[in-house]
Each structure stands twice: as C-alpha cells, then as structure tokens.
Amino acid sequence: MQKKSLLFGLSCLAVLGVSAGSLASCGGTGGGFDYSTLDFSVDTRGVTINMWTGFGSSINEVLVDLLNRFTEETGINVTYESMGGYDQLQNAINLSASSGNLPNIAVGYPDHMVSYVNNNSILRLDPFFENDGDDTFTVNDFYADYMVENQSVLFDDNGNPYTLGVPFNKSTEVLGYNETFFNWAGALNENIYVPETWDQVRSVSQAINSFMVDYFNKVIGSDNVVYDRIDDVPSDVDVLLDFTGITEDMFHPFSYDSGANFFITTCRQWGGEYTVRDESSLSGYLAFDSDEVVEGLSFMKEAYAEDSIAIPQTFGEAAYASNPFKNMLSVMNVGSSAGVRNLVATGARFDVNVSHIPYHDADHKYVISQGTNLILFNADGNAEKVASWKLLKYLSKEVNGEFAARTGYFPSGEYAANSQEYRDLVENEPVSSIDRLNRDVTLLNTNVYMNDEEGWTKFVDAPFNGSSRIRNTVDSAMARVCIDQEDAQDVIDSLYSELSDYVRD
C-alpha cells in the first residue's frame, strides 16, 4: 500500500455537515434498522439480492463472471445492474431512497456515502464485522489508507468513526504513451522522450509537433522507410506506424482525460488547495482562489494555446481521449490506471507503456487516489442483508486479487495482493498486450507511487455534503481555461459564484 498519502483527519464528532442546511443524525443510518436483529445463521441459499455499480463494459464482463461463480458457490442469486457511470449511480440510489427500491449492495465514493447518510439509507458495517463470527474477515484485512475514507463520514458521540464501506476497486492516474512512436521518433530526435514534468511536456510536445510535419499522411515501415501509402509497403516489411489520414490540425501530442482530476491535481501540484473541511462543523468549503492555482491554470492555458496539451473536447470527445490515442491523433494520454486497456488499438497496432503523470516540481508530486468502495443498504429483510454481507466479503477479499489482476485495479489489501492470480500478473510473462499493461501499471504503482524515495503523495480530498456537486461543477474549468482561453482568475471567480453555498464567510 502507498506509504505516503495525504488523507483526512478523524477528529470529528458528527456526520459531515453542509454549509447550507441541517446536519443529518448520527444515529439515523439504515432507516432505523435494528442491528441487534441481525441473524447470521439464516439460510441464504435461494435468496436474491440486487447489486448496482457504475462500471463500463470491460469491468462488467469480469464482475459478472465473479458474480456467477459466487452464485454457484453460495446459492445466492445476484441481480446485477450498471448505471453507466458513477454520477448516474449516485443519482439512481438517491432517487431509490425515496421510492423504497434501494439496491442491497453497491459501490460508491466517500462523498456518495455522505448523501446516503443524509437520506438515511446506508448501513453501518461495524455490527456485521463484530457479529458474523468470522475471525478471518476484519477491517485489518484492508490497506489502512483505503479504510480511512470509509471511516471518515459518520462518527458516534465520542468521535469514534463508523465503518460505512470496504475498498473494492482502487486506482490512480498514469501517463499512457505510444511506446512504438517514442522508440522510433526518439532515435531520430533527442528532444523527443517521455516527459516527467509539465515543463518537459511543453518542450517535448513542441518537438513532436515540429518533427511530425514530415510524417503526416505517411506510413512508417519497420525498415524505417517512409511510404506514401500502406499499399507501397513491401510484403516483407511490417507497418511500424500508420499516419495515413492524419493531418497537422488533427494531431495533438498530449491529452488528459478527466477534467475534474486535471483541475484538482493542478491545484495540488502548484502548491494550492482545492477544498477544505472544517473539522469542528464538518462543513466543506472551496479553497482554490489563490495565486498558486491561478499560476497553474495560466500555465495550462498557455500550454494549450501553443498546442502542447489537449483535452477530450479538443478531439470532439465528451469524456475520454483514448479513441484519439488509438487512432494516432495523440501519443500521450493521462487517464485512470484501470483504464489503460482502452489505449490498446485493435490488433495492437503499436505498443503502449505507462509512466507517472507529469509533476510541476519535485516538492509537489501529487497524484490522485481514486476508486470506489462496497457499501450495503437497508433493503429487504435479514436474509438479504446477510447475503449481501457475504457478497461484500467475497468481492472485497476472497476474489479481489483476481478482480484486480483482470481489470487493472489495485488490490484491496495484502490478502488480495498475495493471491495466486495477482502474483501471476506481477511475476509471469504477460500473454496479451492488456495483461502487459496491467502488469506495468502495478509495477509503476509499487515502484514509483508507493516508493518513499520517489517522493509521490497520493491524495484523497475529505468528503462533505456538497463535495460531489463541487467536483461535477469544476469538471468544466479546464475546458474554459484551455479551449475558451478564459482568464484563470475569471474562471475561479465564476466557479465561486456558481458554488456560493460553499464559500466560507
């Protein structure tokens, strides 16, 4: 687990507050459910439970396989549904809380948990840990840093945290790059290399833009000969890189997937803050109106104007730049470590590798820690709650190593990391391009992000009622700064006006 992390404190005495509105009751989670009625001896064979996530198709394929195996082993039927995104998932659960159609188990972020506490739907897990009689499953099975966010939302009257979830799918951000391109172009131009800092991103991107002028709409053969058409490549020569159909105005060397992560990480890396939580009231406030953040956003504005960086909207994409990357419209992309598989083009037409994300300076090597946790809801009766608890245990520990190995997520704890499936990923020669990428991401996380000598800090922002709304709102900031070329301070002022409920008086 990461040895250096920026996580939030636990010196709190109530449920997370809001800047406008009342506090939720600490004792009200679970819709008034009486935890003393839990009976773990109940026969759960034949019971049907509902599970909701926000996963995409590639993760769903792995999860459904594990759920089917769970049913075969336990006799518990799982009706699974993906809501098509984490925001959609949160909205669906909040709506279901009022309609009485809650799922039994779902995944969620800490800020999602806050809304579920406020609508009195989420269950505390402490009574499950304490009373199910299984000494082989405890909170200590999980990496401590991942448990902090699950124990930072709700507290008893003495300030002791309740456990509202356990880690399931954890990830961070990485720089995926076209290794075939960098090996070829780097051998011809010493100014083309995988950048480590944001200053290097700008200089390398400029070098790539100048270099590529001679290769647009061309084909590079494995013999390093430049061909006008793919049909001109001799039969005994492989196609190394195919730039046919790509023009100068279409090509942008570097892209960044998540607008919200881009904004928040820029705040951190330039020495500023994003949001803060008042530990006495547990209300949350905006904190990014600072000279440091203005400097960081202004840097990105200039970098975009000179065509050193791009965002998905640059390519006409709504959320991700993986398709442009696969189509040779870019050669570098920052995205989720669990999504690197999406950078592999059909037929693996070029090799992909990963590196750490760019940083501003050696004192501010910040990278976001992300991914969801498994949580239970007060839905149906005792048998369904116990069955859901069994599924939570199965996914978070028993098969978590396999889930991580097959999806590119990180293990939830030492048990999962030491599983045969995960060790096979790390220790054996990969079979496919995706397996190799998953292994490379794992090694990057272990050897770079988790290595104290490298100086990286994985950060998680403290959740509060409204933090999800803030994140959704700032998601547009980088498009305004980059594409619209708005003044950085004007964008900040506009965000503060739009999010006035979270401006400290």
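This is a dialogue between a student and a tutor about reading cavities, burial and strand pairing in a predicted model.

Student: Let's begin with enclosed space. How many cavities of 30 Å³ or more does the structure hold?

Tutor: A cavity is a space where a probe fits but cannot get out. The structure holds 2 cavities of 30 Å³ or more. About 40 Å³ of space lies in the largest cavity, and about 30 Å³ in the second largest.

Student: Which residues line the largest cavity?

Tutor: Its lining is made up of V344, A348, F350, D351, V352, S433, R436 and L437. Helix α15, residues 433–449, gives the most to that lining, with 3 residues.

Student: How does the lining of the largest cavity divide by class?

Tutor: There are 5 nonpolar, 1 polar and 2 charged residues in that lining.

Student: And what lines the second largest cavity?

Tutor: Here you will find D141, F142, S396, K397, S412, G413, E414, Y415 and A416. Two helices, α11 (382–398) and α13 (414–417), each supply at least two residues of this lining. The helix that gives the most is α13, with 3 residues. By class, the lining of the second largest cavity divides into 3 nonpolar, 3 polar and 3 charged residues.

Student: K397 caught my eye in that list. Is K397 buried or exposed?

Tutor: Burial is read from relative accessible area, and under 20% means buried. K397 has a relative accessible area of 14%, so it counts as buried. You can find K397 in helix α11.

Student: What does the side chain of K397 make a polar contact with?

Tutor: The partner is the side chain of D141, at 3.2 Å. D141 is also one of the residues lining the second largest cavity, as is K397. Leaving aside neighbours within four places in sequence, K397 is in contact with T136, F137, D141 and Y415.

Student: For contrast, what about G133: buried or exposed?

Tutor: The cut-off for exposed is over 50%. G133 has 67% relative accessibility, so it counts as exposed. Look for G133 in the loop between α4 (126–131) and α5 (144–150).

Student: How far apart are G133 and Y409?

Tutor: Sequence and space give two separate readings here. G133 and Y409 are 276 residues apart in sequence, and 30 Å apart in space, C-alpha to C-alpha.

Student: Now to strands. In what order do the strands of the open sheet with β6 come?

Tutor: The order is β7-β6-β8, an open sheet of 3 strands with antiparallel pairing. β7 (226–227) and β8 (239–242) stand at the edges with a single partner strand each, so one side of each has no neighbour in the sheet.

Student: How many bridges join β6 to β7?

Tutor: Strand β6, residues 219–221, is joined to β7 by 2 bridges, and the two run antiparallel. To find one pair, start at V219, whose bridge partner in β7 is Y227.

Student: Which way do the residues of β13 point?

Tutor: In strand β13, residues 352–355, V352 and V354 point one way, while N353 and S355 point the other way. All of these are buried. V352 also appears in the lining of the largest cavity.

Student: Which residue stands opposite N353?

Tutor: That residue is Y177. Strand β5, residues 166–178, and β13 run antiparallel and are joined by 4 bridges.

Conventions:
Residues numbered from 1 in each chain as written. Predicted model: local features only at pLDDT ≥ 70, side-chain atom pairs only at ≥ 80, totals over all residues. Heavy atoms only, no water. 1 Å grid on protein atoms, 1.4 Å probe; cavity = no way out; pocket = protein on both sides within 12 Å on 5 of 7 lines; lining within 4 Å. Points joined across faces, edges and corners; volume = space filled by probe spheres on them. Nonpolar A, V, L, I, M, F, W, Y, C, P; charged D, E, K, R; others polar. Buried < 20%, exposed > 50% of the residue type's maximum accessible area, 1.4 Å probe, protein only. Polar contact = N/O pair within 3.5 Å; in protein donor to acceptor, adjacent residues only side chain to side chain. Contact = heavy atoms within 4.5 Å. Pairing = 2+ DSSP bridges.
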